[in-house]
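Colleague: I keep meeting words like "salt bridge" and "buried" and would like to see how they are decided. Could you take me through an example?

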Amino acid sequence: MNYQTIFEGAIDQLKAEKRYRVFADLERIVGRFPHAIWRKDDVAREVVIWCSNDYLGMGQHQSVLGAMIETASGMGAGAGGTRNISGTNHPLVELEAELADLHGKEAGLVFTSGFVSNEAAISTIARLLPDCLILSDELNHASMIEGIRRSGCEKKLWRHNDTAHLEELLQAAEPGRAKLIVFESVYSMDGDVSPIKEICDLAEKYGALTYIDEVHAVGMYGPRGGGIADREGLMDRIDVIEGTLAKAFGTLGGYITATKAICDAVRSYAPGFIFTTALPPAIAAAAAASIRHLKRSSTEREMQQRQAQQVKDVLGEAGLPVMPSSTHIVPIFVGNPDLCKQASDMLLEEHGIYIQPINYPTVPRGTERLRVTPTPFHDDGLVEKLRAALVEVWERLGLPLSGPIEPAAETVDQPVARVAVPRSGG
């Protein structure tokens with residue numbers, strides 16, 4: 001058997017379907033974010049990143065860098081082991097306490113990534129519940145889907161943000177059966193928000209546990225950056241709040257917060273936690289510094305929301321097909337994988353603007369888009385340059401300048417649309 005031919009064929013298939021991903025070699029510049037150095041074919045040039053998940057630029061904040069440098073100088077680079085074997089460093093213990101406080105929970109538990117935290121926590125919690133039924137929003141992230149799969153429990157998909165459909169599924173379940181409702185607060189490809197209160201109402205009515213993924217919302221919303229549930233005063237009604245340290249907090253890692261019993265059970269039973277080297281102390285200290293700052297300061301959140309709205313307004317007025325979003329996510333509809341990739345390449349190579357194309361399976365076929373994520377550091381001058389570059393690219397590619405549009409409808413028959421997506425930076 002020619003093994004290499006198999007792998008080469010798999011890659012050729014992705015290229016034929018216009019789904020092959022090319023990574024940009026970038027070097028971010030502290031103090032000049034969102035500017036970065038892009039390297040290709042031994043040539044280096046400066047570009048502006050418009051699709052970073054470092055939503056608030058905290059990855060370059062002086063308090064975060066200071067905590068990382070000081071801790072690395074005093075404690076070294078690595079953690080030295082798993083949490084059970086010498087890896088529970090003091091900055092990590094302090095970080096878990098900060099996270100518990102952020103979400104008003106008894107305990108917190110930190111993982112090496114947001115993907116791992118979802119996969120490990122969901123699978124473990126559901127597996128420990130007797131005959132658990134998992135009810136999952138159809139557009140939940142790949143990490144949540146993997147956690148559900150690994151649990152071995154029965155699952156039911158409910159139509160995206162459709163609480164009437166969720167109630168139908170809850171009503172059909174045996175009254176005394178253990179039930180776990182898993183959903184996100186901000187869905188990162190469309191930028192829409194889940195009906196958290198209504199979901200909590202149904203959970204209480206039918207005796208279900210709630211598990212919310214707030215990775216695209218922590219640091220971004222609420223008076224202290226606890227996420228959408230924090231903004232809406234609902235954190236106390238949710239059993240498990242999961243988040244990431246790799247987006248608005250600007251570092252690395254994932255986590256859950258919940259009761260001491262739930263966190264201890266996951267700590268004690270989840271292979272993805274038990275057999276993984278702990279987060280290094282320097283990263284833990286940096287993450288804690290970022291959380292502490294954003295608990296006190298709303299300046300970054302306010303500036304980011306202003307710039308996100310500015311981008312929506314400016315691009316919409318130029319006739320660009322901005323998809324509706326109530327959050328900081330600004331999707332620009334293309335609807336064709338080849339043209340989406342061409343638009344991304346032209347923006348980078350000719351305008352020095354980096355926006356990664358979003359194609360299937362990250363989004364359903366026919367809804368391909370560019371996903372823009374403005375930060376407080378994308379000033380109005382950069383917004384105008386983005387507008388001009390996008391209009392020029394749109395006209396050259398023959399894409400319609402139709403103005404803001406609605407995305408194509410997605411149904412419960414299309415759960416695969418978000419199945420194979422790795423959480424970027426998670």
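**From numbers to names**

Modeller: Happily! R32 has a relative accessible area of 36%. This is a predicted model, where local features need pLDDT of at least 70 and side-chain atom pairs count only at pLDDT 80 or more, while totals for chains, interfaces and linings use all residues. Residues are numbered from 1 along each chain as its sequence is written, and side-chain values use heavy atoms, with hydrogens and water left out.

Colleague: Why is R32 called partly exposed?

Modeller: Buried means under 20% relative accessible area, exposed means over 50%, and partly exposed is in between, using a 1.4 Å probe and protein chains only. R32 has 36%, so the middle label applies.

Colleague: What makes E46 and R32 a salt bridge?

Modeller: The term asks for a side-chain nitrogen of Lys or Arg within 4 Å of a carboxyl oxygen of Asp or Glu. The closest N and O atoms of E46 and R32 are 2.7 Å apart, so the pair qualifies. E46 lies in strand β3 (residues 43–49) and R32 in the loop between β1 (25–28) and β2 (35–40), so the bridge ties together parts 14 residues apart in sequence. Strands here are DSSP runs of E with at least two residues, and helices are runs of H or I with at least four, numbered from the N terminus.

Colleague: Why does the pair of R177 and E174 count as a salt bridge?

Modeller: Their closest N and O atoms are 3.6 Å apart, which is within 4 Å, so the name fits. R177 has a relative accessible area of 13%, so R177 is buried. E174, at 45%, counts as partly exposed.

Colleague: How do you know that D101 and R224 form a salt bridge?

Modeller: Their N to O distance is 3.0 Å, so they meet the cut-off too. D101 sits in helix α4 (residues 90–103) and R224 in the loop between β10 (209–213) and α9 (228–231), 123 residues apart. Both belong to a network of salt bridges with E98, R292 and K295. A search of the whole structure finds 29 salt bridges.

Colleague: What makes strand β4 mostly covered?

Modeller: In β4 (residues 107–111), 5 of its 5 residues are buried. A107, L109 and F111 point one way, and G108 and V110 the other way.

Colleague: How do you know that β4 pairs with β12?

Modeller: Pairing needs at least two bridges found by DSSP between the strands. β4 and β12 (residues 254–258) have 5 bridges in the antiparallel sense, so they pair. A107 stands opposite A258 in β12.
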